[in-house]
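Trainee: I should like to learn how to read the contact between two chains in a model. May we work through it feature by feature?

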Amino acid sequence: MKQQQDYIRDISEIRSMMEKSTKFLSLSGWAGIMAGVYALIGAYIAYKVLYFNPDEIIYSSASERHYTGGIVKLVLLALSVLVLAVGTAVFFSSRRAAKRNEKFWNATSRRLLVNMGVPLVIGGILILILISKGYVGLVAPLTLIFYGLSLFIASRYTFEDVKILGLIQVVLGLISSYYIGYGLLFWALGFGVAHIAYGIYIHFKYER
Amino acid sequence: MKISVNGLHKAFESRIRLGIMSALAVNETLDFNALKEYLDATDGNLASHLKALEKEEFIAVEKSFVGRKPNTKYFMTKEGKTAFLEHLRILENLVKSHK
């Protein structure tokens with residue numbers, strides 16, 4: 001006959017299986033903090049070194065000449081920030097997954113990535129098309145909006161709190177689409193400050 | 001039905017079978033590999049437990065092809081859901097009655 005503690009263990013195993021087969025809970029707060037730091041450094045480089053600060057949706061021919069070389073560098077800068085952030089997230093999350101006796105790469109994390117990926121890829125393609133047409137001023141608002149939507153969807157497959165971070169990004173994106181001249185500032189607020197604040201919040205809520 | 005003394009169904013006595021049922025209770029379908037990752041079980045072990053649950057008609061299989069690779073998806077049947085919820089209810093009562 002089973003003992004009392006066996007029943008309790010059964011119930012807690014049922015609960016943990018239901019949780020890990022629907023939600024990826026090994027996201028690390030450190031991943032968010034570091035992603036925010038990279039974003040702030042990236043924004044600083046874009047502003048100070050590449051002199052990127054679009055103040056109109058479309059560039060006039062004069063400023064376009066000024067930026068043609070800059071845009072390629074800017075896209076490369078954005079890509080390196082992205083690769084660093086994703087790499088760090090994978091590093092911290094796989095470490096956390098190992099600590100929680102969970103696999104980092106399982107059906108849940110795959111589902112999370114696929115669902116996040118759809119809005120991100122659509123947004124990415126749209127942004128590249130707009131850049132090629134010279135609508136550089138829309139890059140910051142649209143990256144914020146599509147990233148925010150992707151987080152909003154992702155919250156179904158990980159911490160609920162991600163939904164709030166997603167909404168913050170979308171709202172910042174919408175505001176910055178109205179105030180185009182402050183695009184880089186809003187971008188730094190969303191990808192930098194919001195990530196860091198969220199990372200600290202997750203770290204203290206779930207990792208201690 | 002095979003019921004043991006305390007009212008708990010025998011099919012749920014193993015940790016792996018209970019795990020399979022818990023995962024399928026909250027996912028529409030899961031394939032073999034997903035279950036394997038969640039349960040950290042070997043192929044043979046998992047397959048035999050799945051067979052047992054299938055025989056009990058608590059879960060059912062949906063076979064299809066992804067390209068040329070066969071893809072086996074498992075899902076919980078109505079009977080399975082009822083039995084699992086009943087199992088949970090009894091477990092909770094057993095824990096409560098002792099407090």
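The dialogue below takes up the interface, the salt bridges, one residue and one sheet.

Mentor: This is a predicted model, in which local features need pLDDT of at least 70 and side-chain atom pairs count only at pLDDT 80 or more, while totals for chains, interfaces and linings use all residues. Residues are numbered from 1 along each chain as its sequence is written, chains are lettered from A and ligands numbered from 1 in the order in which they are written, and side-chain values use heavy atoms, with hydrogens and water left out.

Trainee: How many residues does each chain bring to the contact?

Mentor: Contact means heavy atoms within 4.5 Å. On that basis chain B gives 25 residues and chain A gives 21 residues. Buried area is the accessible area (1.4 Å probe) that two parts lose on being put together, summed over both. Here it comes to about 2,000 Å², with 67% on carbon and sulfur atoms. Within chain B, the most area is lost to chain A by B:Glu37, B:Tyr38 and B:Val95, which together account for 32% of what that side buries.

Trainee: How many salt bridges lie between chain B and chain A?

Mentor: A salt bridge is a side-chain nitrogen of Lys or Arg within 4 Å of a carboxyl oxygen of Asp or Glu. There are two between chain B and chain A, and 11 over all chains. B:Asp40 pairs with A:Lys103, with the closest N and O atoms 3.2 Å apart. A:Arg110 pairs with B:Glu37 at 3.3 Å. Helices (H or I, at least four residues) and strands (E, at least two) are DSSP runs, numbered from the N terminus. A:Arg110 lies in helix H4 (residues 107-132) of chain A and B:Glu37 in helix H2 of chain B, so this pair joins two chains.

Trainee: Is A:Arg9, in its salt bridge with A:Asp10, buried or partly exposed?

Mentor: Buried means under 20% relative accessible area, exposed over 50%, and partly exposed in between (1.4 Å probe, protein chains only). A:Arg9 has 43% relative accessibility and therefore counts as partly exposed, whereas A:Asp10, at 3%, counts as buried. Their side chains meet at 3.9 Å, N to O. In another salt bridge, A:Arg100 and A:Glu102 meet at 3.0 Å; A:Arg100 is partly exposed at 34%, and A:Glu102 is buried at 12%.

Trainee: Where is A:Ser21 found, and what does its side chain meet in chain B?

Mentor: A polar contact is a pair of N or O atoms within 3.5 Å; within protein, one must be able to donate a hydrogen and the other to accept it, and residues adjacent in sequence count only if both atoms are side-chain atoms. A:Ser21 sits in the loop between helix H1 (4-20) and helix H2 (29-48) of chain A, and is buried at 0% relative accessibility. Its side chain makes a polar contact with the side chain of B:Asn27 at 3.1 Å. Beyond its neighbours within four places in sequence, A:Ser21 touches residues including A:Thr108, B:Ala23 and B:Tyr38.

Trainee: In what order do the strands of the chain B sheet run?

Mentor: Strands of a sheet pair through backbone hydrogen bonds, either parallel or antiparallel. Two strands pair if DSSP finds at least two bridges between them. In chain B, three strands form an open antiparallel sheet in the order E1-E3-E2. Strand E1 (30-31) and strand E2 (59-66) are the edge strands, each pairing on one side only. E1(B) joins strand E3 (residues 69-76) over two bridges, and B:Lys73 is the bridge partner of B:Asp31.
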